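Biologist: I am new to this structure and would love a close look at a single part of it. Could you pick one strand in the middle of things and walk me through its surroundings?

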Amino acid sequence: MKIEIKKGTKLSKEFIDIFDKAKQSEFTSGPIKDFSKYSSDIFFIIKSNNKTVSFGHLKKIKIDYLGKQYNLFGIANLISIRKGEGYGKNIVKNMINYAKKKNKTLIGFCKKHNKKFYEKCNMGLNKQLLKRFLYKNSMNKHEDYVIYFEGKDEFIQKVILTKSNITLHIPFW
Ligand SMILES: CC(C)(COP(=O)(O)OP(=O)(O)OC[C@H]1O[C@@H](n2cnc3c(N)ncnc32)[C@H](O)[C@@H]1OP(=O)(O)O)[C@@H](O)C(=O)NCCC(=O)NCCS
């Protein structure tokens, strides 16, 4: 299975259209108005017979927690256009390898119907942590679990062993 890993500035117009349409139909979000907000993200794309079948991207997330700054990767918009063929798992496997190479923790959020999928991808899942991640003093009301793959910074362990809230400076992604 061949995977392309590229920056948000290097995507084709064709891919951006596919991404936009799939995102709207899977997450009932509106059309993307300004793609530049994805410029610094790292995209993972799988094609089969020259057609995009699965993708996702990593956002660079900065978090200040208990006096220390953490640079994490946020898993975003993971979508398999062709489902149940192992493509989604392959994207996550590549994201984990990428994060390992960069010594970073991966973090994201998911609904309960995707719990099994992320377990099969060897991601950690934690329900209790969800209410401690806040953006503008609000918690994430649309998801059920924090998903993570712990990096060398041991950010998740630090959060589990302490009690403070984690303030995000960007909306839940
Ligand atoms: C979630 C999603 C990305 C999974 O991608 P996929 O390519 O269909 O998943 P895979 O084929 O790689 O599945 C990997 C494993 O997880 C299992 N799995 C996948 N979805 C599952 C589900 N909803 N419930 C239980 N098991 C599931 C598969 O059976 C497979 O198991 P195996 O390794 O034992 O064979 C895909 O269903 C999707 O695009 N959903 C809509 C968008 C979405 O919710 N994205 C996630 C946002 S957090």
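Modeller: Happily; what follows starts with the whole chain, settles on strand β9 and then moves outward to its neighbours and the ligand.

Please keep in mind that this is a predicted model. The chain holds 4 helices and 10 strands. Going along the sequence, you meet them in the pattern β-α-β-β-β-α-β-α-β-β-β-β-α-β. The C-alpha trace spans about 50 × 30 × 30 Å along its principal axes. A compact globule of 173 residues would have a radius of gyration near 16 Å, and the chain agrees with that because its own value is 16 Å. Of the contacts with a separation of 6 or more, 64% join residues 24 or more positions apart.

Now to our strand. β9 belongs to an open sheet of 7 strands, ordered β1-β2-β3-β4-β5-β9-β6, with mixed pairing. The edges of this sheet are β1 (3-7) and β6 (124-126); each has a single partner strand, so one side of each is left without a neighbour in the sheet. On average, neighbouring strands here are turned by 30° against each other, ignoring direction.

β9 itself has a neighbour on either side in that order. With β5 (residues 106-110), β9 (residues 145-149) pairs in the antiparallel sense over 5 bridges. If you would like to find one such place, look for glycine 108, which stands opposite isoleucine 147 in β9. β6 is also antiparallel to β9, and 3 bridges join the two. There, glycine 124 has tyrosine 148 of β9 as its bridge partner. As a general note, strands of a sheet pair through backbone hydrogen bonds, either parallel or antiparallel.

How covered is β9? Mostly: 5 of its 5 residues are buried. Tyr145, Ile147 and Phe149 point one way from the strand, while Val146 and Tyr148 point the other way, and all are buried. Compare that with the chain, where 28% of the 173 residues count as buried.

Next, the helices. α2 lies across β1, β2, β3, β4, β5 and β9, so our strand is among those it covers, and the helix runs at about 35° to β3. Helix α1 (residues 13-27) packs on the sheet too, touching β2 (42-48), β3 (51-65) and β4, and its direction makes about 85° with that of β4. Phenylalanine 19 sits in helix α1. This residue counts as buried because it has 21 C-beta neighbours inside 10 Å. Its C-alpha atom is 9.3 Å from that of threonine 52, although the two residues are 33 apart along the chain.

Some of these elements also meet the ligand. At least two residues of the shell around it come from each of β4 (68-80), α2 (87-101) and α3 (115-120). Among the 18 residues around the ligand, the ones that come nearest are Ser80, Lys83, Gly88, Lys89 and Lys116. The shell divides into 5 nonpolar, 7 polar and 6 charged residues.

Finally, there is another open sheet, made of 3 strands in the order β8-β7-β10, again with mixed pairing. Its edge strands are β8 (138-139) and β10 (166-168), each pairing on one side only. β7 (residues 133-135) runs antiparallel to β8, joined by 2 bridges, and tyrosine 135 stands opposite serine 138 in β8.

Key:
Residues numbered from 1 in each chain as written. Predicted model: local features only at pLDDT ≥ 70, side-chain atom pairs only at ≥ 80, totals over all residues. Near = placed C-beta within 6 Å. Nonpolar A, V, L, I, M, F, W, Y, C, P; charged D, E, K, R; others polar. Pairing = 2+ DSSP bridges. Axes fitted to C-alpha atoms, helices over the stretch in contact; angles between N-to-C directions. Contact = placed C-beta atoms within 7 Å. Rg over C-alpha atoms; globule rule 2.2 N^0.38 Å. Buried ≥ 20, exposed ≤ 12 C-beta atoms within 10 Å, placed from the backbone.
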